[in-house]
Each structure stands twice: as C-alpha cells, then as structure tokens.
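Colleague: Please take a close look at the ligand site for me. Which residues around the ligand come nearest? After that, work outward from the site.

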Amino acid sequence: MAHPSMIDAARLFVAALGLAAVAGAAAQSPASPPPDAGQATEQTARKIAPPLNNQKMWSEVRSGRPQTTSVRGRETDVLMQPQGQTWRAVRPPIATAGGMLLALVLLGLAGYYAWRGPITLHGKKTGRMIERFPPLKRYIHWTMALTFVALAISGLIITFGKTLLLPLIGATLFSWLATFAKFVHNFTGPVFSVALVVFIVLFIRDNLLRAYDLKWIAKFGGMLDKSGNTHVPSGKFNAGEKALFWGLVVVLSMVLVVTGYILNFPNFDQTRATMQVANIVHMVAALLAVAMACFHIYLGTVGMQGALDAMRTGYVDETWAREHHEYWYNDVKAGRIPSTVAADAAGQYAS
Ligand code: HEM
C-alpha cells in the first residue's frame with residue numbers, strides 16, 4: 001500500500017503537468033487584441049472606399065477640370081464627359097411619356113372612328129372630276145410620306161424595341177431587327193430631307209394663313225358634329241391641314257432633319273454634348289411628329305371618304321371639292337386657278 005505522502009506528491013505532479021500543457025497551448029495561439037476604436041473606423045472607411053475604388057480620382061475626372069489625354073480635337077483633355085450621365089438618365093422618362101402619348105392618340109382615333117365613323121359626302125357624286133394634285137406634287141408627297149413612315153417604324157424599334165420586342169422575339173431576332181432598323185433609319189433620313197425641302201417649296205403658297213381659317217378653327221372644321229351638317233368653307237387646304245403643314249412638315253420635320261444630320265454624321269467635329277442635346281431634341285420632335293402624323297394618316301385613309309383619291313389619282317369629284325374646300329372649288333370653277341383643270345370621270349381633260 002502506497003504511503004499517503006507519495007500519493008500527494010503524485011497529485012501535485014499531475015496538476016503541474018496540466019498547468020504546463022495549458023501554458024504551452026496559450027503560448028502557441030496569438031494574443032487576442034484589445035478592442036480598438038481606430039480599427040472600426042478603418043473598416044467603415046473601407047466599406048466606402050474599398051481597394052480599387054479610387055473615389056477621389058474619379059471625382060476629379062468627372063469634375064470637368066481639364067485632364068491630360070492624347071486625343072486631338074475639340075475634346076482634347078476631356079477624359080470623361082460628365083453630362084453623359086445626365087443624358088443617359090433623361091432618355092427613359094421622355095421615351096415613356098412619348099410612348100404613352102402615342103398610345104393615347106391611337107386609342108383616341110379608334111374611339112373617334114367608333115363614335116363618328118368615316119366622314120362621308122352629303123351630296124351625290126357628279127362624276128365630274130377636278131384635278132387637285134398634279135403628278136409632281138403627288139410623287140413628292142409619297143416620297144416624303146413613305147420615307148417618313150420608314151423612319152417612324154425604324155425609330156420606334158430603336159427607341160422601344162429593347163423594352164417591348166426583345167422579351168417577345170428573343171435576342172437573335174431582335175439583334176438582327178435592331179441592326180436592320182438602324183441602317184434603314186440612317187440611309188432613309190437624307191432621302192426624307194430632300195423630299196421635305198421640295199415639298200415645302202411646292203406646297204407653301206397654298207398653306208399661307210387666311211382670315212377665313214379662323215372660322216374653321218372656331219368650329220374645328222365640324223369634326224365634332226356627328227351629323228356632319230356643320231359646313232365650314234375653306235380654300236385649297238383647311239386650317240387643320242395648314243396646322244399639319246406648318247407644325248409637322250415645316251417645324252417638327254425640319255428639327256428632325258437638322259438634329260438627324262448632327263447624329264448621322266459625327267465626323268463634322270461636333271462635341272459629345274452637341275450630339276446629346278441633338279439626340280434628346282430629335283427624340284422629342286420625333287414622338288410629337290409621329291403622333292401628329294397619325295391624325296393625318298387616319299383622315300387620309302379610313303377617316304374621310306374620297307380623300308385618298310386626291311393623292312392617289314390626283315383628281316377629286318366636284319361634290320367632294322365643294323363640300324370640303326368650297327372656296328377652292330369656286331376659284332377652280334371661275335377659272336381663277338389656271339393650273340387646275342377640270343376633267344371627266346375617265347380623267348380626260350374637258351378643256
Ligand atoms: C403614309 C400615309 C399617308 C397618307 C395615306 C397620306 C394621305 C394624304 C392625302 C390623302 C392627302 C390629300 C389631302 C387633301 O386632298 O386635302 C395628303 C396631303 C398632305 N400630306 Fe399626307 N399622307 C400620308 C403621310 C404623310 C406624312 C408622313 C406627311 C408629313 C410628314 C404628310 C403630309 C401631308 C401634307 C402636308 C399634305 C397637304 C396638306 C397641306 O399642305 O396642308 N402626309 N396626304
């Protein structure tokens with residue numbers, strides 16, 4: 001049997017071994033640091049400016065102060081053009097507003113057609129035809145109209161395609177369509193601009209404002225009278241058509257042509273800022289122009305009986321002329337407009 005003092009010595013030895021092991025383990029692991037306020041501040045700062053996010057440098061680049069670049073030209077020493085961000089941000093809301101305007105116009109026209117139907121003639125057709133547009137005027141109208149429609153469709157694809165068409169037709173077809181639309185738009189624009197200038201020269205005289213146009217405006221040409229009994233006489237073109245001529249053809253289309261050239265030919269040393277402004281103005285003018293053209297195309301096709309004949313064949317029935325453009329009709333009958341010749345239904349000249 002072991003002596004009690006020996007047992008005590010053994011216990012002491014085991015305890016000493018345990019203590020030594022704990023002390024050794026503690027010596028292996030690093031000491032836990034005391035809480036440090038400076039470190040917390042550094043971590044917060046890193047969240048704001050993590051490595052590689054050189055916020056100071058980019059602020060300097062975007063400040064607009066001249067930097068050093070190897071580009072030679074009007075934008076020498078512009079590293080990054082800060083207005084580009086503004087341009088990118090203002091485009092979507094403008095496009096959305098324009099899209100809503102177009103949708104409203106189309107709904108309004110569908111509603112008007114459902115309510116009123118086509119504007120028909122009251123009297124019987126006489127079969128005697130009056131020349132309204134000689135061939136040159138018709139060809140130039142159709143060149144302008146067809147190029148305008150091509151520009152409108154391709155422009156709408158460029159503006160709204162990514163949002164509306166891409167989810168429907170997929171990336172492959174959409175990329176093909178978008179590229180095609182861009183080419184159509186870029187090459188048709190100059191053709192439209194030439195047709196536009198010739199059109200303005202040929203049509204301006206008949207679109208000068210006259211006192212009687214005020215009567216047409218006051219009664220809105222009888223367009224809101226469902227019975228069609230409100231008769232408002234007008235010259236060769238009524239005030240609505242004159243508004244179309246000055247608003248759509250002269251103002252909006254000229255704005256589109258000028259801004260279109262700025263965008264189509266970036267090689268004339270124009271700055272990015274000029275192109276950004278041109279792009280926004282182009283978009284606003286285009287959406288307004290397409291909205292306005294919808295009214296005209298509606299009246300020129302399904303909205304008014306006999307209107308399309310004028311632009312298709314160049315001739316209108318005497319009844320149509322009297323009911324829609326009475327002053328012009330009177331002038332033709334009285335021979336005060338020498339260029340306009342009466343013809344019979346077969347298009348044979350009477351004189
Ligand atoms: C593509 C569809 C179009 C159709 C079916 C169409 C139809 C017509 C018709 C029938 C007329 C003769 C109206 C009358 O005898 O009084 C006319 C005239 C006219 N069209 Fe169009 N048109 C179209 C596109 C356009 C476009 C896109 C523009 C302008 C960008 C335009 C501008 C004019 C102007 C200014 C007149 C003569 C009215 C005036 O000078 O006041 N047309 N059109």
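Modeller: I start with the ligand shell and then move to single residues, helix packing and confidence.

This is a predicted model: local features need pLDDT of at least 70, side-chain atom pairs count only at pLDDT 80 or more, and totals for chains, interfaces and linings use all residues. Residues are numbered from 1 along each chain, as its sequence is written.

The shell around the ligand has 25 residues. A residue counts as near if its C-beta atom, placed from the backbone, lies within 6 Å of the molecule. A145, F148, E241, G300 and A310 come nearest. Four elements give two or more residues each: α5 (135-164), α8 (239-264), α9 (272-303) and α10 (307-312). Helices here are DSSP runs of H or I with at least four residues, strands are E runs of at least two, and both are numbered from the N terminus. The largest share, 7 residues, comes from α8. By class, the shell has 16 nonpolar, 6 polar and 3 charged residues. Nonpolar covers Ala, Val, Leu, Ile, Met, Phe, Trp, Tyr, Cys and Pro; charged covers Asp, Glu, Lys and Arg; the others, Gly among them, are polar.

F148 leads on to another residue. F192 touches F148, along with M144, T147 and L151, leaving aside residues up to four places away in sequence. Touching means that the two C-beta atoms, placed from the backbone, lie within 7 Å. F192 sits in helix α6 (residues 166-203). F192 is buried because 22 other C-beta atoms lie within 10 Å. The cut-offs for such C-beta atoms within 10 Å are 20 or more for buried, 12 or fewer for exposed, and in between for partly exposed; again they are placed from the backbone. I140 is 52 residues from F192 along the chain, yet their C-alpha atoms are separated by 10.0 Å.

Back to α8, which holds V250. V250 has 17 other C-beta atoms within 10 Å, so it is partly exposed. Beyond four places in sequence, V250 touches I200 and F245. The C-alpha atoms of V250 and I204 are 9.4 Å apart, with their positions 46 residues apart along the chain.

Next, α9. Its axis comes within 10 Å of that of helix α4 (residues 83-116), and the two cross at roughly 5°. The two helices are therefore roughly parallel. Their contact has 20 nonpolar, 5 polar and 1 charged residues. Axes are lines fitted to C-alpha atoms, for helices over the stretch in contact, with angles from 0 to 180 degrees between N-to-C directions. Under 35 degrees counts as roughly parallel, over 145 as roughly antiparallel, 65 to 115 as roughly perpendicular, and the rest as oblique.

Two loops are worth a look. F220 lies between α7 (213-218) and α8. Its phi is positive, near 50°, although F220 is not a glycine. Most residues other than glycine have a negative phi. D77, in the loop between α3 (55-62) and α4, also has a positive phi, of about 70°. D77 is exposed, with 11 other C-beta atoms within 10 Å.

Last, confidence. pLDDT is the predictor's confidence in each residue, from 0 to 100. The protein averages 87, and 84% of the residues score at least 70. Residues 19-31 stay under 50 and have 0 contacts beyond four places in sequence. Residues 345-351 are also below 50, but that stretch has 12 contacts beyond near neighbours in sequence. Where pLDDT is low, the predicted coordinates should not be read in detail.
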